[in-house]
Amino acid sequence: MVEKKVTVAANHVTKRFDLAERQSDKVKAVFKFWGKGIPNFWAVKGVSFEAHAGETIGVIGTNGSGKSTLLEMVAGLTQPTSGHMTINGSTSIIAIGAGMRPQLTGRANIRLKALMQGMTEKEIDAKMDDIIEFSELGDFIDQPVKSYSSGMKSKLGFAISVYSDADIVIIDEALSVGDPTFTQKSMERTKRFKEEGKTIFFVSHSAAQMRQMADRVIWMHYGDIRMDGPFDKVMPEYERFLKRFNRFSENERLAYQKRYKDAQKTFTLAHLKQLERNRQMLLDPSTALKRQKEDEHAFTEGSEKMGWFTRAFLLVITILTVGLMNKQLLNMSWANVMAHPTHLITNFAPSKLAQLDQRHGRTGSPKPAETPVYTATQNTYTVKDGETLVGIAEKANISVEAIMQANHMTDQVVNPGQVIILPVER
Ligand SMILES: Nc1ncnc2c1ncn2[C@@H]1O[C@H](COP(=O)(O)OP(=O)(O)OP(=O)(O)O)[C@@H](O)[C@H]1O
């Protein structure tokens, strides 16, 4: 049998969300030593699978089991917290309203999404009429998307993806809101994707749709893959589970959910690593040690990759630097610096700098205007609603490249409220 090309490979992929309710909680948690104070929630707890060209994979699971989170990682919309998600090919996700700009018309959204998926203006012009026809939106195509029903948004999203020619197509419950004729038409079209060798991930709560579409099913259960296999094996097990679950009393159901959700809060990567080690030892003790060395990095995330010694060292350096700056610039004694280490931040409002200017002038020290700190403080900028990087660069008379370089940006996307540095030639 010819091995089909692997298009998606997930290796111990996790996704953690923090449950800090307010931004101030997050700031407090950072000061409580590198975010240890933030309650965690692991929506995906270390899943591994491979998907191949020409495969339609149904993803099932109760509400909140992690289906959308997993597929957003497949689509590249969000990055795993740890583990690896390897994607071989272009992706297109169809979820109700995903990636749509509500204030733009349906037609403008088609153009925008198609451009984002790599189509040229010429290709879009050539396909525009077909996309609109597939969407069945008629005159509504020139109305803003915010006026659309969820069914209309789904139709638009589906029509765009049909013509985007992506290698991996993700349909996240987008067919659950359309009318039956459109749904059937879309399912027929999706079957053609399969014949064209695309990989399709299909999320639906409808067993009938699953039966029609999926040859393989992944059952997500509170962040884990509970089963992964042929439709005929997985679906009956899932339906048996649902029957049992639906027979639970309200209290039993809540207790069941609490048990699993608590496990998602207390989950750790160390635990995942240990489970994987045990599994490897059981499977093949002779190769287990070698494999453990190879996949060590799969069980670490950003901050954990930094050892305790490095973290402690960086903390000491940061405290000393802030203290030294406070001492030099605010004429504080070391005792005062130790007592109020955050004075540097709170004292450097522009008005304070003006006071400093005078103070330093009287004592004959260099004027703050000549110090680097003054320049840097003056040139942070908070992005306002609707502003683009190009607009900000023009206003500030600085090149876009210089801003990107100063802020270590890899693209030109800026968001309202984001604070950026506007570099100044000195
Ligand atoms: N940004 C977030 N912050 C905190 N928790 C989140 C976030 N996004 C998702 N979650 C949580 O992660 C879990 C998985 O959510 P997800 O949307 O992936 O589930 P799902 O299986 O797609 O659910 P549904 O069938 O209802 O669409 C849920 O418990 C959800 O509350």
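**Notebook: helix α6 and the ligand shell**

I began with helix α6, residues 180-195, and checked its length: at 1.5 Å a residue, its 16 residues should span 22 Å, and the end C-alpha atoms lie 23 Å apart, which agrees. I note that the model is a predicted one.

I then asked which residues of α6 are buried. They are Phe182, Thr183, Ser186, Thr190 and Phe193. Looking down the axis of α6, I found these buried residues within an arc of 95°, so they line one face of the helix. I recalled the general reason: an α-helix has 3.6 residues a turn, so residues three or four places apart point the same way.

Next I looked up what the buried residues of α6 pack against. Their partners are α5 (150-162), β6 (168-172), β7 (199-203) and α7 (207-213). On the face turned away from the buried side, I listed the exposed residues Pro180, Thr181, Glu188, Arg192 and Glu195. After α6 comes glycine 197, and I recorded that its phi is positive, near 90°.

I turned to the ligand and asked which residues are around it. I found Phe17, Phe41, Ala43, Gly61, Asn63, Gly64, Ser65, Gly66, Lys67, Ser68 and Thr69. Two or more residues of this shell come from each of β2 (40-52) and α2 (67-74). The largest share, three residues, is that of α2.

Finally, I sorted the shell around the ligand by residue type: three of its residues are nonpolar, seven polar and one charged.

How values were computed. Residues are numbered from 1 along each chain as its sequence is written. This is a predicted model: local features need pLDDT of at least 70, side-chain atom pairs count only at pLDDT 80 or more; totals for chains, interfaces and linings use all residues. A residue is near a molecule or strand if its C-beta atom, placed from the backbone, lies within 6 Å of it. Helices (H or I, at least four residues) and strands (E, at least two) are DSSP runs, numbered from the N terminus. Ala, Val, Leu, Ile, Met, Phe, Trp, Tyr, Cys and Pro count as nonpolar, Asp, Glu, Lys and Arg as charged, and the others, Gly among them, as polar. The expected span of a helix is 1.5 Å times one less than its number of residues. A residue is buried if 20 or more other C-beta atoms lie within 10 Å of its own, exposed if 12 or fewer, and partly exposed in between; C-beta atoms are placed from the backbone. The arc is that of the directions from the helix axis to the C-beta atoms. Two residues are in contact if their C-beta atoms, placed from the backbone, lie within 7 Å.
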